[in-house]
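Biologist: I'd like to learn how to read a model like this one. Could you walk me through it?

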Amino acid sequence: MYRDFIAHLFPRVVLRRNLRMTYTFCLGGLAFTAFLLLIVTGLLLIFYYQPTPEKAFESILALERSVFLGGYIRSLHRICSHALLIFIFLHTLRVILTGAYRKPRELNWIIGFGLLCLAVFAAYTGYLLPMDQLALWATQTGMELLATVPGGPVLKRILVPDEVGGELSLLRFYALHIVFVPACMLALCLLHFYRIRRDKGVLPYL
């Protein structure tokens, strides 16, 4: 799987006609690039962020005011998160409109949809981390909406065992945002690219 992942990123042969933006718009590649930038900027932010209700907002202020390029890195992280959602959504829409979800690529369609859901969840868990008023109220609204769906109350108790912005809930959102969700997304990306090469015929040069 890893070999096919590398081969998909760096194919030995690329036909000239496949470099035209009209073919796939490179939306998958743009989404993966945004994901990589999120990982790099997120790793830099980890060095200064303090995941406690008392220190979270202060650490964000200190990052923007006292750290060299801190505000730029945080802004780049936020912009890349928006870009990732936009690119994945457009990529999913293109797959639907072109019928690329049909056999033999139905499994890859499910994997791609899973990536879309994980990207939305990653953005949601990251929204609480600054611990400002906007983050608290937006997360509270999301939790109330979650409680209205089947199985939602159970998920809400898992994600928010104390209260929105509480010490334990913030720690769980932080762990999900920086470890669990990115690891799952990276694993699905590997599988997604592997299935593209396994199915063949998706791109003429495969």
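Biologist: How many residues does helix H9 have, and how far does it reach from its first C-alpha to its last?

Modeller: Bear in mind that this is a predicted model. To judge a helix, set its reach beside the span expected at 1.5 Å a residue. Helix H9 covers residues 167–199, which is 33 residues, and reaches 46 Å, close to the expected 48 Å.

Biologist: Where is the kink in H9 centred?

Modeller: A bend is read as an angle between helix axes fitted on either side of a residue. In H9 the kink is about 45° and is centred on Leu176.

Biologist: Let's turn to a residue in that helix. Is His192 buried or exposed?

Modeller: Buried means under 20% relative accessible area. His192, which is found in H9, has 13% relative accessibility, so it counts as buried.

Biologist: Which residues does His192 touch?

Modeller: Leaving out residues up to four places away in sequence, His192 touches His91, Asn108, Ile111, Gly112 and Leu115. Phe68 gives another way to place His192: the two are 124 residues apart in sequence, and their C-alpha atoms are 37 Å apart in space.

Biologist: And the whole protein: how many helices and strands does it have?

Modeller: Nine helices and zero strands. The C-alpha trace spans about 55 × 45 × 30 Å along its principal axes, and buried residues make up 35% of the 206 residues.

Biologist: What share of the contacts join residues at least 24 apart in sequence?

Modeller: Among contacts between residues at least 6 apart, that share is 69%.

Notes
Residues are numbered from 1 along each chain as its sequence is written. This is a predicted model: local features need pLDDT of at least 70, side-chain atom pairs count only at pLDDT 80 or more; totals for chains, interfaces and linings use all residues. Side-chain values use heavy atoms; hydrogens and water are left out. Helices (H or I, at least four residues) and strands (E, at least two) are DSSP runs, numbered from the N terminus. The expected span of a helix is 1.5 Å times one less than its number of residues. The bend at a residue is the angle between axes fitted to the seven residues ending there and the seven starting there. Buried means under 20% relative accessible area, exposed over 50%, partly exposed in between (1.4 Å probe, protein chains only). Contact means heavy atoms within 4.5 Å.
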